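Q: I would like to learn how to read helices, cores and pockets from a set of coordinates. Could we take one structure and go through it feature by feature?

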Amino acid sequence: MKPGLPRFNYFLGQVQPILTTAGKQKNPALWLYRNDARTPLFMLEGLAKIYAELHNKKLFTKVKEHFKLLEDALGGIEFYDSMAKDFVTNKKIPALVITYLQAQSREKIQSLNEILAENNWLSYEDNRIVKIQKKLGKADWKSEEQEAGLMKDFYGEAVYNIVEFVQGKNFQFTNMESEVHELRRKVRWLSIYPQAVRGAIQLKETIPRPRHLAKYCLKEITTSPFNKMADANGWNYLLFLEKNYFYALSWMIAELGILKDSGLRIVALQEALEQTSSATNENALKEAYRMLGHKQPKMLELLDTAGDICKIYFKEQNLEHLVIEISPTKK
C-alpha cells in the first residue's frame, strides 16, 4: 500500500469545491477568507513539507510553495481584519487607525485575488489543482512501511531544529514576529502533521505521567478536539507519539499563541499610528501603549515571559520525548 497520494487527494478534494465556488463570486479572495479555506491549505502545506523531506524533494517543495502562497495571503488578510475588529470598540483609538487597518485588509484581499488569477486557481479546466494532481501522479511514492520509518526520522529532525532554534536564542527573545511567532509556527507544525496524515500518527501513553507534565495536561488541553487523532483503521504501520508529551506540546502552542497575539496588537497599532500621523517609531509605541491601556502588557514583558516558559519547557526536554516508536497494527 502506498498511502501518500490518497492523503493529498483527500485534502485536494476539500479545496477544489471551495475554489470552484469562490470562482463564481465577485470577490473570490474574500469568499475564501470567510469560508475557512485556510484549514485544508494548512493540511496540504503540512503534507508537502513532510514529503519534501521523505522523497521527491524538488517536486514537493514546489507544491508546498503553491499552498504556502495562498495560506500566507489568507493569514495577511486575517491579521489586519482581526486587528481592525479588535480595535473598533476602543474609543481611545482614532477612526483613522481603524480605516488604515481596514484598507490594509482590502489590499491583502486584492493581492490574493491577483495570486488566484495569475496562478490559475479558479479556472474550470486545467486549473492549479489539476496541474498539482498531475505532478503528484508522477511522484515516486513509498510503501506504508517505508514511509513510517522516514516519517519518524522527519519528526526527529523537526524536533532537533526547534531545540537548536531556541537554544540559539539562549531563551532571550528580542522580536515578537521573527522569534516568538516563528517559534510558535515551528512547534505548531508538530501538531498539524498528525492531522495531515489522517490517522497514521497516533498518541500512546507509555509510562506513568512524569510529575513535571501535570502543569501542562490541563483539562482544556486534554479535551481539545485538536488533540484527537483521526481513526487509525486501515493503517498497517503507525507512528506513535507519547500522549502526555503531546499535551505539553499543545500547551506550549497555546501559551505562545496568547503572547504572540498580545504582542502583535502592539505591532499593528504602532504601525497604523506611524502610517496615519507624523509620530516617530518611539512616539507611536508610547501612544499605542496609552491607547491599549494598563491591562496591555508591554512588549518587553511579553518577550521575557516567552523566554521564561521556553526555558522551563525546553530544559525539561519535552520535545525529545515526543516520538516513541513505529508499530505494525497486525502482528
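A: Let us begin with a helix, bearing in mind that this is a predicted model. Helix α7 covers residues 144–169, and its 26 residues should span 38 Å at 1.5 Å a residue, which agrees with its end C-alpha atoms being 38 Å apart.

Q: Which residues of α7 are buried?

A: The general idea is that an α-helix has 3.6 residues a turn, so residues three or four places apart point the same way. In α7, the buried residues are E144, E147, A148, M151, F154, Y155, A158, V159, I162, V163, F165 and V166. Just after this helix, N170 takes a positive phi of about 55°.

Q: Which members of the largest nonpolar core touch the most other members?

A: In soluble globular proteins, nonpolar side chains tend to be buried together. Here the largest nonpolar core has 112 residues, and those that touch the most other members are F8, L183, L190 and F314. Helix α10, residues 243–276, gives the most to this core, with 16 residues. To take one of those well-connected positions, L183 touches I162, F165 and V166, along with F173, L256, C310 and F314, when residues up to four places away in sequence are not counted; I162, F165 and V166 are also among the buried residues of α7.

Q: How should I read a pocket, and which residues line the second largest pocket?

A: One can ask for its volume, then its lining, and then the elements and residue classes behind that lining. The second largest pocket holds about 210 Å³ of space, and its lining consists of L30, Y33, R34, D81, A84, K85, V88, Q102, S105, R106 and I109. The elements that give two or more residues to this lining are α2 (28–34), α4 (57–87) and α5 (95–118), with α5 providing the largest share, four residues. By class, the lining has five nonpolar, two polar and four charged residues.

Q: Is N113 of helix α5 buried or exposed?

A: The cut-off for buried is under 20% relative accessible area, and N113 has 17%, so N113 counts as buried. With residues up to four places away in sequence left out, N113 touches N27, P28 and A29.

Q: What does T61 in helix α4 count as?

A: T61 has a relative accessibility of 23% and therefore counts as partly exposed. As for distance, T61 and I93 are 32 residues apart along the chain, and their C-alpha atoms are separated by 43 Å.

Key: Residues numbered from 1 in each chain as written. Predicted model: local features only at pLDDT ≥ 70, side-chain atom pairs only at ≥ 80, totals over all residues. Heavy atoms only, no water. 1 Å grid on protein atoms, 1.4 Å probe; cavity = no way out; pocket = protein on both sides within 12 Å on 5 of 7 lines; lining within 4 Å. Points joined across faces, edges and corners; volume = space filled by probe spheres on them. Nonpolar A, V, L, I, M, F, W, Y, C, P; charged D, E, K, R; others polar. Expected span 1.5 Å × (residues − 1). Buried < 20%, exposed > 50% of the residue type's maximum accessible area, 1.4 Å probe, protein only. Core = buried A, V, L, I, M, F, W, Y, C linked by side-chain atoms within 4.5 Å. Contact = heavy atoms within 4.5 Å.
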